[in-house]
Amino acid sequence: QVQLVESGGGLVQAGGSLSLSCAASALTFSYYAMGWFRQAPGKEREFVSAHGRSGGTTYYTDSVKGRFTISRDNARKMVYLQMNSLKPEDTAVYFCAASINGCSGYGCYRPSTYDSWGQGTQVTVSS
């Protein structure tokens, strides 16, 4: 497994932006598919976005398409989630996840695809 540490969460007004970062400890970071999930109080963890292995496809849940952008920096072993036009319904704890086996298609959307998880960072969007 790889250690993942998220940062960048906070409180923002609706319409604002936040940038989340996830630092990974993996020696072969470029081999991992990376994902972002979120969990709101009383709700199940849900998929937000994923980036396949280096050069791979990006994926987004419909509710964030056009507002969120996932990116990765393999040299720094980092993955980012730029969140724009935030809405109160985006309020949740955001988790970074890694899959040593990569992912493709709908597999990238499933939490069970990922074998390492960060501790999460709180994002709160006020109306």
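## Salt bridges and side-chain exposure

K65 is partly exposed, its relative accessible area being 47%. In this predicted model, K65 takes part in a salt bridge with D62. The partner, D62, has a relative accessible area of 61% and is exposed. K65 falls short of the exposed class because that class requires a value over 50%, whereas K65 stands at 47%.

Side chains that carry opposite charge can pair when their charged atoms come close. The structure contains five salt bridges in total. Three of them, including the pair of K65 and D62, are set out below with the separation of their nitrogen and oxygen atoms.

| Salt bridge | N to O distance |
|---|---|
| R38 and E46 | 2.6 Å |
| K65 and D62 | 3.0 Å |
| D73 and R76 | 2.9 Å |

The pair of R38 and E46 joins residues of two accessibility classes. R38 is buried, with a relative accessibility of 4%, while E46 is partly exposed at 36%. R38 belongs to the buried class because its 4% lies under the 20% limit. The value of 36% for E46 falls between the limits of 20% and 50%, so E46 is classed as partly exposed.

R38 and E46 also belong to a wider arrangement: together with R67 and D90, these residues are linked in a network of salt bridges.

In the pair formed by D73 and R76, the arginine R76 is exposed, with a relative accessibility of 60%. The class of R76 follows from the cut-off: 60% is over 50%, and R76 is therefore counted as exposed.

Definitions and conventions
Residues numbered from 1 in each chain as written. Predicted model: local features only at pLDDT ≥ 70, side-chain atom pairs only at ≥ 80, totals over all residues. Heavy atoms only, no water. Salt bridge = Lys/Arg side-chain N within 4 Å of Asp/Glu carboxyl O. Buried < 20%, exposed > 50% of the residue type's maximum accessible area, 1.4 Å probe, protein only.
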